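Hello,

Here is the structure I promised to pass on to you. Please have a look at it first; my notes on what I found follow below.

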Amino acid sequence: MLGGAQLSVTDLRRAARHPVDYPVLAEHRRLGDVHLQIVNLSANGFMIQGGSPLGRGERVLIRLPVIGRIEAHVIWVADDRAGFQFERIVRPDLFRELVDEMQPRARGRRRRG
C-alpha cells in the first residue's frame, strides 16, 4: 500500500465536511474485513463513529460509490470515533456525486450497479 496524500492539518480542516450515515466494509491486511460506519465525509477523508479496532497510522481499503476502491489511513482516534485520510484527494466533480450517493434521503438512496 502506498503513502497518503500528505496534507497538512490546516489543509484537512479546510475541506468541507458533509454529514453521511454510510456503512462500509474495510479490508485490513492483518484484521481482514472490518465494519465501519462513516458519519462525515470530505474530499480528503472521512470520520467514523461506533468504534474500531484500528489505531493511528493503520491503513484500510474501502469501496465507495462513484469512486470505487480507495485506500485510507487513520490519522486520529478519540473515544468511539476515528478520522481517516484518503490516499489521494477525490476530484471535485466526483466528490459532489459521491456525497449525493452517500447522504441519507427521505426516499432512500440511489444505488449504482
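**What I found**

Read from start to end, the chain runs in the pattern α-β-β-β-β-β-β-α. That gives 2 helices and 6 strands, where helices (H or I, at least four residues) and strands (E, at least two) are DSSP runs numbered from the N terminus.

A word on how to read the rest. This is a predicted model, in which local features need pLDDT of at least 70 and side-chain atom pairs count only at pLDDT 80 or more, while totals for chains, interfaces and linings use all residues. Residues are numbered from 1 along each chain as its sequence is written, and side-chain values use heavy atoms, with hydrogens and water left out.

**The chain as a whole**

Of the 113 residues in the chain, 41% are buried; buried means under 20% relative accessible area, exposed over 50%, and partly exposed in between (1.4 Å probe, protein chains only). The chain exposes about 6700 Å², with carbon and sulfur atoms supplying 49% of that area (Shrake-Rupley method, 1.4 Å probe; for residues, only the protein chains shown count as cover). Among contacts (heavy atoms within 4.5 Å) with a separation of 6 or more, 52% are between residues 24 or more positions apart.

**A residue in β6**

Gln 85 sits in strand β6, which covers residues 81–86. Gln 85 is buried, at 4% relative accessible area. Its C-alpha is 8.9 Å from that of Met 47, though 38 residues separate the two in sequence.

**Salt bridges**

Side chains of opposite charge can pair when their charged atoms come close. The structure holds 5 salt bridges, each being a side-chain nitrogen of Lys or Arg within 4 Å of a carboxyl oxygen of Asp or Glu. Here are some of them:

- Glu 58 pairs with Arg 30, and their closest N and O atoms are 3.0 Å apart. Glu 58 lies in the loop between β3 (45–49) and β4 (59–64) and Arg 30 in the loop between β1 (18–28) and β2 (32–41), so the salt bridge ties together parts that are 28 residues apart in sequence. Glu 58 is buried at 18%, whereas Arg 30 is exposed at 54%.
- Arg 88 pairs with Glu 87, with 3.5 Å between the closest N and O atoms. Arg 88 is partly exposed at 34%, and Glu 87 is partly exposed at 22%.
- Arg 91 pairs with Asp 93, the closest N and O atoms being 2.8 Å apart. Asp 93 is partly exposed at 35%.

Best wishes
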